[in-house]
Amino acid sequence: MVIAAALFAAAAANVALAQQAASPQPQTIRLRGTIERLDGRAVLAKSSKGEELTLKLADKVLVAAVVKASVADIKPGLFIGSGAMPQPDGSQKALEVHIFAESMRGTGEGHRPWDGAPNSTMTNGTVGATVASVDGPLVTIQYKDGEKKIIIGPNVPIVRYEIADTRAIAPGAPFTAVATGKAVDGSFEVSRINVGRGGASPP
């Protein structure tokens, strides 16, 4: 009887663990559009598809101003990210590059598929060696489990993130945001918002 009870308890525990694993996880929602105005902790905006959006800023929301940068700003030791297309030789041809603020080091570190373009990738890591190539600088991005070589052509958009506050959320500015969920009233809970400044657009 004792053995049977123990086996039953173990089976029940396994079922509970399976149910817990199968339970849905909070979905991250990525939003893009133009800011209309800031009303307290709510951002009223229009999505890139023309939809009206209400973004409710979290208490500890990360606000990043996005400013234009150049390939000369990509220096060894900086933490950067690049959306890119894989090349036959194993390198990646950059579609965009963003330079993170130092306090954002480690954000999304690694190499993975990216939804910015069909069959594209995203690589976030630390800048290593940079060498010249026919198509532009060849930058090595190092991350925990490896490294990738990124070719940055002359027309690739390059931006830099600067830590800001809600004053950067200005009418008419382009934005991208990471929402941690959608409320019953249709608003989005936002933990991070990137706002374009000086003519720059968030990647």
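**View 1. Strand β1 and its two partners.** Two strands count as paired here if DSSP finds at least two bridges between them. This is a predicted model, and β1, residues 29-39, is a handy place to start looking. On one hand there's β11 (residues 174-182), which pairs with β1 in the antiparallel sense over six bridges. Look for T34, which stands opposite P174 of β11. Then there's β2, residues 42-47, also antiparallel to β1 and also joined to β1 over six bridges. Here D39 has A42 of β2 as its bridge partner.

**View 2. The turn at G40.** Zoom in on the loop between β1 and β2, and you'll find G40. This hairpin has two residues between its strands, and G40 takes a positive phi near 65 degrees. Is G40 buried or exposed? G40 has a relative accessible area of 56%, so it counts as exposed, the cut-off being over 50%. Now find K56: it sits 16 residues from G40 in sequence, while their C-alpha atoms are 9.2 Å apart in space.

**View 3. The largest pocket.** Time to peek into the largest pocket, with its volume of about 800 Å³. Which residues lie nearest its centre? They are R30, R32, W114, D115 and P203, out of 27 that line the pocket. Several strands chip in at least two lining residues each: β1, β5 (92-99), β6 (110-114), β7 (120-131), β11 and β12 (188-196). As for character, the lining is a mix of 10 nonpolar, nine polar and eight charged residues.

Key:
Residues numbered from 1 in each chain as written. Predicted model: local features only at pLDDT ≥ 70, side-chain atom pairs only at ≥ 80, totals over all residues. Heavy atoms only, no water. Helix = DSSP H or I, 4+ residues; strand = E, 2+ residues; numbered from the N terminus. Buried < 20%, exposed > 50% of the residue type's maximum accessible area, 1.4 Å probe, protein only. 1 Å grid on protein atoms, 1.4 Å probe; cavity = no way out; pocket = protein on both sides within 12 Å on 5 of 7 lines; lining within 4 Å. Points joined across faces, edges and corners; volume = space filled by probe spheres on them. Nonpolar A, V, L, I, M, F, W, Y, C, P; charged D, E, K, R; others polar.
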